[in-house]
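Ready for some practice in reading a protein structure? Work through the exercises below with the model open beside you, and try each task before you read its solution.

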Amino acid sequence: MIAAIGVFSLVAACAGNGGTTGGGATSGGYPDQNITFVVPFSAGGPTDTVTRMLAEPMAAKLGGKVVVQNVEGAGGTVGAGEVARADPDGYTVLMHHIGMSTAPALYQNLGYKPLEDFEMVGLVTEVPMTVVARKDFAPATLKDLVTHVKANADKVTLANAGIGAASHLCGLLFQSAAGVKLQEVPYEGTGPALTDLVGGQVDFMCDQTTNTSGQISAGEVKAYAVTTPERVKSLPDVPTTAEAGLPQLQVSVWHGLYVPKGTPQEVVQKLSEALKTALADQKVIDQMAKLGTAPVTAENATPQAHRAKLEEQLGTWAKVIADAGVKAS
C-alpha cells in the first residue's frame, strides 16, 4: 500500500516541479525538485513519526521540498526495495530502522542487499523498546510476567507489527530470554497492534517508546520495563529490564537514512549535513525527548558510522534469527 502522507516545504532555490525521481543530480543544482522520503511502514508508526520530525528542518537546510510517503509491506522490505531500484540521484531517500539489518536473515528472496544496493547517509536515533501489556493483565512485574507466560504459554498472546518489525524482533528476544515459546499475533503495522492491546484483544507486546510513551503515561497500558541499560527520562518510573530481573533482554531500535547505490557522493554529503542540522534542532531534540529517545551525535550522523553500525548489526541478527528458526515468506 502506497500513500503520500505529507509535504514539508521551505522554499529557497527549489522550483518544485513535483517529481520524485530524476537524473543527473549534482552538488550545485541539488535539489531542484521534490525529495521523497520513503517510510516502509504504516503512517502514524514510530518510524513515520521520526521521519516527520526531520522532514521540515532537513528541507530548510536543503532549500527544497520533502514529501513523506508510506510504502508498506513485508516488514519494510517493499519500501526498501523500491528505493534500492530508484534512480540514484538523491531524490528518493529511505528512512529505515533495525529491520534493514534483519531482513537478509529473514527473507530468502529479498531482492536487494543492504550493504551493496544502498549508500548510507547517517544514523538518526536509537529508540528504546518497552514491554507493555493490556492494563488488566494479571502479572504485576516483569518477573511475574515471565512466570505467568511460562505457565500459560498456550494461552498468552504476544502481539507484533509483523515478521521483521522491531516489535517482532524484540518479542523473539523476550521469548529467548524467558525460555518460552508463545502464540504470536502479527498485525500490519504497530498502530493496529497497539490499538488492540489498549482494547484488550491481545495480552502484551514489545514496542518502541516513540509509539508507547503516550499510552503508558495515560495509563492505557501496563508498562513492565524498558530494554536499555538506563531508564528513559520521559518514563522515570519504568524500570530497565536489568532492574526488573531480565537482563538478557537488551535491544534498541536504531534508524538511519539511505539512498540508492551510485548516488553522487556530493549529494550524499548534502543529505548528511542536512541530517546533522536537523538533529541539532532544539525542536527535534524536544520532540524526541517526549518520546523517550534522543538524536545521535554528529559523529554518528555520517555515512561512515552508519555503514559500520549496519555491518555489525547484520552479523548480530543473523545469529539471533537463525537460532530462533524464523523465516518470512
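**Exercise 1. A contact at Q175**

Find the polar contact between the side chains of Q175 and E184, then describe the surroundings of Q175.

*Solution.*
Step 1. The side chains of Q175 and E184 are joined by a polar contact of 3.3 Å. Keep in mind that you are looking at a predicted model.
Step 2. Now place the residue: Q175 sits in helix 5.
Step 3. Next, decide whether it is buried. The cut-off for buried is under 20% relative accessible area. Q175 has 6% relative accessibility, so it counts as buried.
Step 4. Finally, list the neighbours. Beyond the residues within four places in sequence, Q175 is in contact with L158, V180, K181, L182 and E184.

**Exercise 2. A disulfide**

Which residue is joined to C170 by a disulfide, and where do the two partners lie?

*Solution.*
Step 1. Look for cysteine sulfur atoms within 2.5 Å of each other. The sulfur atoms of C170 and C206 are 1.8 Å apart, and a disulfide joins these two residues. The count for the model is one disulfide.
Step 2. Locate both ends. C170 belongs to helix 5 (residues 166–178) and C206 to strand 8 (residues 204–208), so the disulfide ties together parts that are 36 residues apart in sequence.
Step 3. Recall what kind of link this is: a disulfide is a covalent bond between the sulfur atoms of two cysteines.
Step 4. Check the handedness. The torsion about the S-S bond of C170 and C206 is about 50 degrees, so this disulfide is right-handed.
Step 5. Are the partners buried or exposed? Both C170 and C206 are buried.

**Exercise 3. The company of D48**

Work out where D48 lies and which polar contacts its side chain makes.

*Solution.*
Step 1. D48 is found in helix 1 (residues 46–62).
Step 2. With 2% relative accessibility, D48 counts as buried.
Step 3. Look for polar partners. The side chains of D48 and R52 make a polar contact of 2.9 Å. A polar atom of the D48 side chain also lies 2.9 Å from the backbone nitrogen of G44.
Step 4. Now leave out residues up to four places away in sequence. D48 then touches V39, S42, A43, V68 and N70.

**Exercise 4. Strand 10 and its partners**

Which strands pair with strand 10, and in which sense?

*Solution.*
Step 1. Strand 4 (residues 92–96) pairs with strand 10 in the antiparallel sense, over three bridges. Within this pairing, H96 stands opposite G256.
Step 2. Strand 5 (residues 118–134) also runs antiparallel to strand 10, and nine bridges join them. Here S252 in strand 10 is the bridge partner of P128.
Step 3. How enclosed is strand 10? Nine of its nine residues are buried, so strand 10 is largely enclosed by the rest of the structure.

**Exercise 5. Just past the strand**

Describe the setting of G262.

*Solution.*
Step 1. G262 is in the loop between strand 10 (252–260) and helix 8 (265–279).
Step 2. Its relative accessible area is 48%, so G262 is partly exposed.
Step 3. Compare sequence and space. G262 and E119 are 143 residues apart along the chain, yet their C-alpha atoms are separated by 7.3 Å.
Step 4. Setting aside neighbours within four places in sequence, G262 is in contact with P88 and E119.

**Exercise 6. A covered helix**

Identify the buried residues of helix 2 and what they pack against.

*Solution.*
Step 1. Helix 2 spans residues 77–84, and six of its eight residues are buried, which leaves the helix mostly covered.
Step 2. The buried ones are T77, G79, A80, G81, V83 and A84.
Step 3. These residues pack against several elements, among them strand 2 (35–39), strand 3 (65–71) and helix 3 (99–106). Strand 4, strand 5 and strand 10 are also on that list.

**Exercise 7. The whole protein**

How does the radius of gyration agree with that of a compact globule?

*Solution.*
Step 1. Start with the parts: the protein has ten helices and ten strands.
Step 2. A compact globule of 329 residues would have a radius of gyration near 20 Å, and the protein has 20 Å, so the two agree.
Step 3. Add the burial: 57% of the 329 residues are buried.
Step 4. Look at the contacts between residues at least 6 apart in sequence: 78% of them join residues at least 24 apart.

Conventions
Residues are numbered from 1 along each chain as its sequence is written. This is a predicted model: local features need pLDDT of at least 70, side-chain atom pairs count only at pLDDT 80 or more; totals for chains, interfaces and linings use all residues. Side-chain values use heavy atoms; hydrogens and water are left out. Helices (H or I, at least four residues) and strands (E, at least two) are DSSP runs, numbered from the N terminus. Buried means under 20% relative accessible area, exposed over 50%, partly exposed in between (1.4 Å probe, protein chains only). A polar contact is a pair of N or O atoms within 3.5 Å; within protein, one must be able to donate a hydrogen and the other to accept it, and residues adjacent in sequence count only if both atoms are side-chain atoms. Contact means heavy atoms within 4.5 Å. Two strands pair if DSSP finds at least two bridges between them. The radius of gyration is taken over C-alpha atoms; the globule rule is 2.2 Å times the number of residues to the power 0.38.
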